[in-house]
Amino acid sequence: MSDLETTHDDCGCEEYNALSRRQFLAGAAGGSMAAVAAYHPAWLPKVVLAETYASSRDVMLSVFMRGGADGLSLCVPFADPDYYLSRSTIAVPRPDATGATKGIALDNFFAFPQALAALIPAFTASDLLVVHATGQLNNSRSHFDAQRYMEVGKPNDPALVTGWLGRHLASSPPVRSTAPLRALGLSAGLQKTLVGGPKTLPIANPANFALGGSAATVDARLAFLQADYAAATPPMQANALDATNTVALLKQINISAYKPANGAVYPNTGFGNALKSVAALIKADVGIEAAQVDVGGWDTHSAQDPLAGSMYRTMLDFGNALGAFYADVLQGPTPSGVTAVAVSEFGRNVRENGSNGTDHGRGTVMFAMGKHIAGGRVMVNSWPGLAKANLDSGQDLKVTIDYRDILAEIVKNRLGNTNLDFVFPGWSPTMRGATR
Amino acid sequence: MSTAASSQAPESCVTPASITAEPVDESPGRGREPTTRRTLLAFGAAATAAVLLPGAASAQSTRRRPAPPKKGDFNSIIPNEVPVAPVEWASDTTRLLRRITMGTTDVEVALAKRYGFRGYLERQLQFQYVDDSVADTFVATKYPLLAMPADQLFAQNSGTIQNQLSQMTLYRAAFSSRQLYERMVEFWSDHFNISFNKVGYLKAVDDRDVIRKHALGNFRDLLFASAKSAAMMLYLDQNQSRAGAPNENYAREIMELHTLGVDGGYSQNDVAELSRVLTGWTIAGRGNFSFNPAIHDWKAKTVLGVTIPAGAVAMGAAGIQEGEQMINVLLDHPSTGKFIALKMLRWFLSYDPTQAQIDAVAAEYTRTQGDIKAMIRATLNSAWLRTAPMKLKRPFHYVASALRSAHPTVTGVAGMNGQLNNVGQPLFVWETPDGYPDKVEYWAGNILPRWTFGNTLAAQSAGEIIIDIALFQKGNTADATIATIDARVFGGEMDAALRASLTAYLKAGTYNAARIRETLALAFSANSFQWY
């Protein structure tokens, strides 16, 4: 018990310490249930799980930036002179410029915009990796084709309907066999990335996942529905059963009352609240292995303005929410490791258009964050350059790193799944040192 | 790489990649095949059923229960079964009714059976002859802003407009007698998706003057109306596009989403060229279409092999003809008929229509020059319907169908409109121009919110939606109540297994209003009510 108390005192966040599952179980093993109860957090009042678990596999937070995120605003190649020549009204000023809107240098070539200032601590701690001039081989400039093939994880195969993360889950044993829910999409509908995953549901708001109606009959009604949907076809059948079991799970966790660790403050936005819910579920340690969260607003055809306008606000929300997740989950003690990634279907034209925006392009950035991510740098595979002669189709940043290389390395090294030819069919990934 | 950058450019951190190599498809013949639609969720479904449902399965489930895979053997191929309708769904006419309405009611089934298959379809197609005065009066009284011209609407509160538009749409979907028309309004609202969040009051104008005006008319008129809709131009940045600085957004989506389809045979260069053709198409005033010759690109352009010769700004308003010519090229392109046919077949008949079906409906498009009614007639024939797999109701469809079956007294749908958010499909706020998905794998996991909604609806006993439980208590026995639910909720074709389980649930408690409402909620929640 002294360990518990010591940790408790050391940490600024009493809520968090109390719920570390290994400590909880250690306490239980010591035989003092009363003492254990004293460390049961208020927002996690009833969870008592029989199965012990010490996994080396990370929980995966997968973020999709929908709309085609402009990598040249998210990670600014300020030392490439063609950047400023191409972006006369929507460039982020060099880090050595004057004024509050200047970039924040990541090295002698790339900078974050001020909107991503909240990600600097993770970058400085070498826990945040930015991969630049990345994307997919599929050169579609259609949002929907490009998103689809990126989420599926194999370009140009319309017969493949499952997503890469769904297939990862389908090809690895559950971290906890009794877990009713292995993965969730913070969405009203299941994102393509997760399709195919067992015990995987879209749950738009995990804080409010209940059947409703009379408490006296709720169990009988859930039993009715379980039996009724046992005759349904897949995927309805499994989803309904998972839903009834997840009702029981989430009833135990008071997500609304969750208090982030380390003073982290999630923005009160759709994305911020989604990450906060994911954090609560991860710390509840109930066997969640993956969460898919979408963030929109990246389709900046007009009035892009990364310094104060729409792109600024979208990036600010993105950076603040992921920054809070970093402080809350990755910097604090957590029952399991966590890796986060963020991708987008394509980047945008290097040259701005006549509406102070940018049209659909190709290469962009992706992010990976975690204690075992080899971060603190911008990974490039030789910067292809922004001079017109070096652009894809004369207009776009080239794709020099297939996003699947990064994901596959994480799937293998952090999610403990060696079935890479199943997760990314037909792709032989190059291990690029994204993990450590 | 530019020389200026090269001195500072970061070194490659990895060995040169095989990035440009074409991916090798290694899957055929290998031990593990990527999961396709046929094996979708097989692993998870089997595992879940085996692990979590000991004893919960009734006898009916065994016919669909796949064998559990061997441990760790994720390669197990378990066919994803096509959701076949219950044997009780035996009537051609009710089969048609399920496809062309927002849901069955006892009254509608009786009406359809009186008209017969062809008569009922024709009656729904000739919607202007179907009396809808009750709904019209309700809408005119409750949602007066929706009748305003754009230049008056612009001055109204945006939130009020959005509420009136959404509530009107839900009200008409649930209670209009012109049910096929409402199904087509929903179809085109996705095909020509516009998010209210980006365009505000103009969406209400588009809904009235584009979508509803042409929902069962001619696709050519519909496309032209959409192309000249201020809402669409604002939504896809067309109003920002000008000579020397074209914006490709609308030019891309009119080809990809509105006409040819993504594989319809256009290139990125066609997108760029069409965006030049359409420069000058913009918005005037508070929401009128206008062609502005001063910002039109008068140089020569070539789209889909059709060259438009250079013109001059002196040609003035005549420059609009370039865009109109190209829209006609799109309308006449063989890919367009096929793409609209595919989407219509998916909407009414099957997620995976056959090529023969697509060709047949596309032929009607060509023959009639885009007559929407003719395409629907070709899509909804009894032979195809008999073998069509069930389709999953999307959340909006689900809510509307439950409202129809509940047959409530309605004085407003503000609360029910709020429920659309809970079930995952609030109206007119899908951000991207592809519209709300219509795929089983997208919506199938979102099942709990439907059950919660079923509870909420069945419990309505006061306020703007009132379900008179006496209607369901006729006969005053459990069996009579189940018969009423069968007629109202399942069109008289409730499947035997559900009849047995609902009856058992109702009889397991005291026969009273509360228990009947719970039973009604379970009927709305049951698997077979989610499909059509």
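## Report on a two-chain predicted model

Ser126(A) has 14 C-beta neighbours inside 10 Å and therefore counts as partly exposed. A residue is buried if 20 or more other C-beta atoms, placed from the backbone, lie within 10 Å of its own, exposed if 12 or fewer, and partly exposed in between. The model is predicted, with local features needing pLDDT of at least 70 and side-chain atom pairs counting only at pLDDT 80 or more, while totals for chains, interfaces and linings use all residues. Residues are numbered from 1 along each chain as its sequence is written, and chains are lettered from A and ligands numbered from 1 in the order in which they are written.

The predictor assigns the complex an ipTM of 0.84 and a pTM of 0.83. The helices and strands of the two chains are listed below; they are DSSP runs numbered from the N terminus, with at least four residues (H or I) for a helix and at least two (E) for a strand.

| Chain | Helices | Strands |
|---|---|---|
| Chain A | 15 helices | 11 strands |
| Chain B | 26 helices | 6 strands |

Chain A comprises 436 residues, of which 64% are buried. In chain B, which has 532 residues, the buried part amounts to 50%. Two residues are in contact if their C-beta atoms lie within 7 Å. Of the contacts in chain A that link residues at least 6 apart in sequence, 71% connect residues at least 24 apart. In chain B, 70% of the contacts with a separation of 6 or more are between residues 24 or more positions apart.

Some backbone features of chain A deserve notice. Most residues other than glycine have a negative phi, and most peptide bonds are trans. Ser126(A), however, has a positive phi near 65 degrees and sits in the loop between α7 (120-124) and β4 (128-135). Ser382(A) likewise has a positive phi, near 65 degrees, in the loop between β10 (377-379) and β11 (401-402). Ser382(A) is partly exposed, since 19 other C-beta atoms lie within 10 Å. The peptide bond joining Pro234(A) to Pro235(A) is cis, with omega near 5 degrees; Pro235(A) belongs to the loop between α10 (218-229) and α11 (236-251).

The largest nonpolar core (buried Ala, Val, Leu, Ile, Met, Phe, Trp, Tyr and Cys residues joined through C-beta atoms within 7 Å) contains 274 residues, and those with the most contacts inside it include Leu275(A), Val293(A), Phe367(A) and Val399(B). Helix α13 (residues 310-330) of chain A supplies the largest share of this core, 11 residues. Beyond its neighbours within four places in sequence, Val293(A) is in contact with residues including Leu61(A), Val63(A), Leu186(A) and Leu275(A).

Within chain B, the axes of α20 (residues 395-406) and α23 (residues 448-458) come within 11 Å and cross at roughly 30 degrees. The two helices are therefore roughly parallel to each other, a description used for angles under 35 degrees. Among the residues of α20(B) that meet α23(B) are Val399(B) and Ala402(B), and their partners in α23(B) include Phe453(B) and Leu457(B).

Confidence varies along chain B. Its average pLDDT (the predictor's confidence in each residue, from 0 to 100) is 88, and 85% of its residues score at least 70. Over residues 1-7 of chain B, pLDDT stays under 50, and the model has 18 contacts beyond four places in sequence for them. Residues 12-80 of chain B also remain under 50, with 126 such contacts in the model.

Key. Axes are lines fitted to C-alpha atoms, for helices over the stretch in contact, and angles run from 0 to 180 degrees between N-to-C directions. Angles under 35 degrees count as roughly parallel, over 145 as roughly antiparallel, 65 to 115 as roughly perpendicular and the rest as oblique.
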